[in-house]
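This report goes through one structure by region. The sequence and model come first, followed by the notes.

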Amino acid sequence: MIKVSYKILMNKLSSKERATILHMLCEGNSIRSIVRMTGASKNTISKLLIDAGKACAVYHEANVRDLQTTRVEVDEIWSFTYAKQKNVKKAKAAPANSGDTWTWTAIDADSKMIVSYLVGGRDAEYAMWFMDDLRSRLANRVQLTSDGHKSYLEAVEGAFDADVDYAQLIKMYGNAPESFKGRYSPADCTGIKKRRIEGQPDKSLVSTSYVERNNLTMRMHMRRFTRLTNGFSKKIENHAHAVALHMMYYNFVRMHKTLRMSPAMAAGVSDTLWEMADIVKLVENAENAKPTKRGPYKKG
């Protein structure tokens, strides 16, 4: 049991206490479990998450720029807010944007840095917002790989014009076993197809392996993404703040096992490995700052 201080009970957290709580959030703990472990109130933790998410989104927006990457993989990961899409109509007092919630991610295949992310829907409009943001962060022509989601086609063309080597990796699946029907487990993958869309992509480098592996990291480190639990987000804004905090933690704080440094260091965005205390400093510096450009969630 972590020692509970008088400051926590008074909703006034020290920098060290803030760092501890944020670290717990980034390691997959739910808000209620953190309440039990620290004695901090649910509202205090929620407010800290919101403040940290905003500060992290602002820092990412300003500093993850002019990246000298050569290969980018993009994907979307599903979650839901308040209720699953099929249950929204009969849910009581469901807020706006309840139901399916998608997080778009773009990862540098070499440094493993998350270059761009966006929380919202999965339609063509979100695809265009996502690709425009990705393009604005790159310093040079890249090889881009996505899955076969049709919204990418127009979005990539609109954002990159012809200045990209773009291919889609399309997975083919067999029929799901009878015992799997109604579950989230997909059918067995029976093959893949690599399709050139734009430019001259190197076929041997057409892959979505890294971004799909990152999907697992997100589900392991954010309680809101864990399946078959009641830890899902109740408000999409808080979901977006949690995503922004995770991306900052993943890019700057978490040591990548293979690289032996953080993705931000590998990408040349940071000279040092950050600590949670550095994220707390962002929060403290932003407490009296004016509102800035949008975060990782864009209203439709």
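Is Thr105 buried or exposed?

## Thr105 and strand 2

Thr105 is buried, at a relative accessible area of 0%. This model is predicted, and the figures below are computed from it. Thr105 sits in strand 2. Apart from neighbours up to four places away in sequence, the contacts of Thr105 are Glu73, Val74, Asp75, Ser116, Tyr117, Phe130, Val211, Asn214, Asn215, Met218 and Met247.

Trp102 also belongs to strand 2, which covers residues 99-108. With a relative accessibility of 17%, Trp102 counts as buried because the cut-off for that class is under 20%. Beyond four places in sequence, Trp102 is in contact with Glu76, Ile77, Trp78, Leu118, Val119, Gly120, Gly121 and Arg122. One of these contacts, Val119, is 17 residues from Trp102 along the chain, and the two C-alpha atoms are separated by 5.8 Å.

## Overall makeup

The chain has 300 residues, of which 47% count as buried. Its secondary structure consists of 10 helices and 6 strands. The exposed surface of the chain comes to about 15700 Å², and 51% of that is supplied by carbon and sulfur atoms.

Contacts can also be sorted by separation in sequence. Taking those between residues at least 6 apart, 63% join residues at least 24 apart.

## The nonpolar core

In soluble globular proteins, nonpolar side chains tend to be buried together. Here the largest nonpolar core has 70 residues, and Met131, Leu134, Leu144 and Phe160 are the ones with the most contacts inside it. Helix 8, residues 236-253, gives the most to this core, contributing 12 residues.

Which residues does Leu144 touch, setting aside those up to four places away in sequence? The list is Val72, Val74, Met131, Leu134, Val156, Phe160, Val164, Asp165, Tyr166 and Ala167. Met131, Leu134 and Phe160 thus appear both among the core residues with the most contacts and among the residues that Leu144 touches.

## Cavities

Rolling a probe the size of a water molecule over the atoms shows where empty space is left. The structure holds 2 cavities of 30 Å³ or more. The second largest of them contains about 40 Å³ of space.

Which residues line the second largest cavity? They are Arg71, Val72, Glu73, Ala109, Gln143, Thr145, Leu205 and Ser207. Strand 1 (71-81) and strand 4 (143-146) are the elements that give two or more residues to this lining. Strand 1 supplies the largest share, 3 residues. By class, the lining of the second largest cavity divides into 3 nonpolar, 3 polar and 2 charged residues. Two of the lining residues recur elsewhere in this account: Val72 is touched by Leu144, and Glu73 is in contact with Thr105.

## Loops with positive phi

Most residues other than glycine have a negative phi, and most peptide bonds are trans. Tyr82 has a positive phi, near 70°. Tyr82 is located in the loop between strand 1 and strand 2. Its relative accessibility is 27%, so Tyr82 counts as partly exposed.

Lys112 likewise has a positive phi, near 65°. The loop that holds Lys112 runs between strand 2 and strand 3 (114-120). Is Lys112 buried or exposed? Lys112 is buried, with a relative accessible area of 11%.

## Asp123

The loop between strand 3 and helix 5 (124-136) contains Asp123. Asp123 is partly exposed, with a relative accessible area of 39%. Not counting residues up to four places away in sequence, Asp123 touches Trp104 and Ser151. From C-alpha to C-alpha, Asp123 and Trp102 are 9.8 Å apart in space, and they are 21 residues apart in sequence.

## Val280 and helix 10

Val280 lies in helix 10, residues 276-286. It is buried, with a relative accessible area of 2%.

What does Val280 contact beyond its neighbours within four places in sequence? The contacts are Ser15, Arg18, Ala19 and Leu22. Val280 and Arg18 are 262 residues apart in sequence, while their C-alpha atoms are 6.7 Å apart in space.

Definitions and conventions:
Residues numbered from 1 in each chain as written. Predicted model: local features only at pLDDT ≥ 70, side-chain atom pairs only at ≥ 80, totals over all residues. Heavy atoms only, no water. Core = buried A, V, L, I, M, F, W, Y, C linked by side-chain atoms within 4.5 Å. Buried < 20%, exposed > 50% of the residue type's maximum accessible area, 1.4 Å probe, protein only. Helix = DSSP H or I, 4+ residues; strand = E, 2+ residues; numbered from the N terminus. Contact = heavy atoms within 4.5 Å. 1 Å grid on protein atoms, 1.4 Å probe; cavity = no way out; pocket = protein on both sides within 12 Å on 5 of 7 lines; lining within 4 Å. Points joined across faces, edges and corners; volume = space filled by probe spheres on them. Nonpolar A, V, L, I, M, F, W, Y, C, P; charged D, E, K, R; others polar. Areas by Shrake-Rupley, 256 points an atom, 1.4 Å probe, with all protein chains shown as cover.
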